[in-house]
Amino acid sequence: MSEPLLQVAGLTKRFGGVIAAEAIALAIPAGECHAVIGPNGAGKTTLVGLLAGEIAPERGSIRFDGRDITALAVPGRSQLGLARSFQITSLFADFTALDNVALAVQAHDGHSFRFLTDARRDAALREPARAALEAIGLGSRADARVDKLSHGEQRQLEIAVALATKPRLLLLDEPMAGLGSDESARMVAMLRRLKGSLTMVLIEHDMATVFALADRITVLVYGRVIASGDPAAVRADAAVREAYLGEQDARHG
Amino acid sequence: MKAALKVLGVPLPACWLAPRAALPAAVLALLGLVPVYAAATGDPFALTLFGRIEILSIAAISLNLIMGYGGMASFGHAAYLGIGGYAVGILWKEGITSGFVQWPAAIAVSALFALVVGALSLRTRGVYFIMITLAFAQMVYYVTQGLDRYGGDDGMTIGSRSGFAGLVDLNNATQLYYLCFALLLASLVLVSRVVNSRFGLVIQGARSNERRMRAIGISTFRYKLVCFVIAGALCGLSGALLANHTNFISPAMMYWTRSGDLMVMVILGGLGSLFGPVLGTVTYLLLEEALSRVTEYPGLFLGPGLLLVAIFLNGGIESLFGARRRE
Amino acid sequence: MLYFIEQCLNGVQLGMLLFLLAAGLTLIFGIMDLVNLAHGSLYMLGAYFAATFAAATDSFVLGAALALVATAACGMVLEVIAIRPLYGRPHLDHVLGTFGLLLFFNELVRLIWGPAGMTLSLPSEMLTAVQIIPGLYYPLYRLVIILVALAVAALLYVVVMRTRLGMLIRAGASNREMVGALGVNIKLLYTLVFGLGATLAGFAGLMQAPILTVQIGMGENILILAFVVIIIGGIGSIRGAFVAAVIVGLIDTLGRAFLPDVLHSVLSVNAAMTLAPAISSMSIYMLMAAILVFRPEGLFPAASR
């Protein structure tokens, strides 16, 4: 069996005395949609930071596509094909939607030391960017400034920007955050279309989304992996019910 | 005006609608006509005043490139004016009067200084960046104070203007003026090209959201550093012009309040707008001149005026003419 | 050796003045997030007020006391009229606005007191020197500056660490919204802090006045030194400001005192005489640049920012 696309081993990080990640292990084969869930304070945000390269681990290793990327900084990981979306929308607020995506295309085109030609008339940037916006359903909003877009549109644009870097793995940090039910349904439909063509790590609060999309689920509690497996197995896992789902089931009656 | 800018190769974004284009056009046209006015009235002072405005406009344009577009608020930009000026003055003193040597030297030394300052300063952010750039400018200020051979604290009169082998004669006030005017136009074209290029979008993206920039795979440091060097070089050219304009260099060119003046011109005109720095410079220097003619205490009015602009005119003068506002 | 000790004392004395300026600056920056280029103007006003009131009352101490009150009042009025609208705005708007205030105050002083400058003479009993160690006589007034400034530093420490106002100041520096949510009158707190900063700046100005002349623009050079102090110390940290002020004061003074001789050993007298002050002035900025390169948030970074 070939090596998983993303392999994490023994990943550990503490903040002060608080354990945020303790010997986390993950093995995510290419093409899988892998969800990471856990109650508040489980260390999901830390895990995103560790995987994206914003936080350096104390111990452990991260391998991506057969390469050790533990010491690689954020831009380097992105160049290798590890893209991410942000939990709190993080876009170029004073750029248009199209400019946002085009800049991401440009970032992976590898030619940013060009000083005199108009990048906004560069078909090599604009056409893929426009296509990415169309694909995500934002084609009609291409020329609107980001701060004029609705929250739902901004969440979609978040994904479009990440996709424009032609990633092999997409790290989705709570893509449903703050979305209404209609918008959520559209987002789930969109992510489902991406499934299979793209490996995804989905950090999410919303259980309906997780069970609708995930091939496998990892459950984090207090920085530790307490269960990992296919949705049915995780649903049936006693420890998980105890720590997390039980709580939810109780609340939903 | 639109046609004129097209000829010059300035890309015109769709938002360049009438009122926004009309003002730059009018200002540039008037600047172009100053020598005609000076000749008609026999008033050479107009050439001196507006020549100075053009030169400092170039400096303000260069500062706007890093501060307005790149979010790098340099509080030491007058250092490059001084370095450009001293390059011309020192070479003259050592017997090299050719502008073909002096000016490239002014640009090169300024660029080199910007490279060093940028490489060290761009590690810091916010107010720390403002202050570390100030610190480097103060260092140059004190270095020139210690240059005894070149006038030390008092500065030095430059005996002759840069020579250009008969191509242009800078001793002719009109020719010097039009050279400044041409370089001002060229700076506008250069900056408008740069900010709309792939490089320029990276710079503006880094100002807008550094974290997202890194997440899409661009490490911004190199781009910011190159931008910082371009701005330093352009301001160095402005310094070479200034030394020729006044025939005088002194450490006072680089005192921190001069850097403050440049910042004021850029913010007053409108950060991150192409023509804002020119508007800011014209307004600031003309106001200063006009006030000093009607009152002995121009600062009593100029100072509160700046405060009012800071409080009420978010986005500078440019924003009065329909430009987008800063967020 | 005695000369060295004397110069060290001079350095500490300059450091104390810088601390008085920097403490206000760092409080205003740390709490209101305001870049105040007009802080040096309050230093200048303090000196002018003291010179005027001392001449009018024929008493140095009374003049100084009146000057403190006047500077504090000026500071608070300034805060209410001109500074308050700038809170929460981008730092560059602060630069624009307070640079305008600096121009205004320079001109106002020229209008009121004329362009010539003034002198503030010390009472005769201050003009003596005291023997602090055998063979070393040190001007009493400079000693008084050091002691008074130390007392002010101690007082400031007690106020900030032990009183309710100090608690609010410390809370405000780390969490503005929280203090507001607690129902504290933020506007009043800000006015008081600005007034405190103005008083400290005016105090520094009037203490320095008898040593240097009182003149327009006297606050500009020292303002930048005070900025260097708060950057080296770490913005918002009074302790950092104290340590950095003493370091900067010592480097500046010792550089001026000893560099000419050091340089003279390798250069001609003339070259050494012009180069030495330049190099010693530069050394402070080199120190700051070096510190920022290695510690981008200063020596004592305030915890949360």
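This is a short exchange on a predicted model and on the terms used to describe it.

Mentor: In this predicted model, local features need pLDDT of at least 70 and side-chain atom pairs pLDDT 80 or more, while totals for chains, interfaces and linings use all residues. Residues are numbered from 1 along each chain as its sequence is written, and chains are lettered from A and ligands numbered from 1 in the order in which they are written.

Trainee: What makes the radius of gyration of chain B agree with that of a compact globule?

Mentor: The radius is taken over C-alpha atoms, and the globule rule is 2.2 Å times the number of residues to the power 0.38. For 327 residues a compact globule would have a value near 20 Å; chain B has 19 Å, so the two agree. The C-alpha atoms of chain B fill a box of roughly 55 × 45 × 45 Å along the principal axes.

Trainee: What share of chain B is called buried, and what makes a residue buried?

Mentor: A residue is buried if 20 or more other C-beta atoms, placed from the backbone, lie within 10 Å of its own. Of the 327 residues in chain B, 58% are buried.

Trainee: How many residues of each chain count as being in the contact between chain A and chain B?

Mentor: Two residues are in contact if their C-beta atoms, placed from the backbone, lie within 7 Å. The contact takes 30 residues from chain A and 22 residues from chain B. On the chain B side, α8(B) gives the most, with 6 residues; helices here are DSSP runs of H or I, at least four residues, numbered from the N terminus.

Terms used: Helix = DSSP H or I, 4+ residues; strand = E, 2+ residues; numbered from the N terminus. Buried ≥ 20, exposed ≤ 12 C-beta atoms within 10 Å, placed from the backbone.
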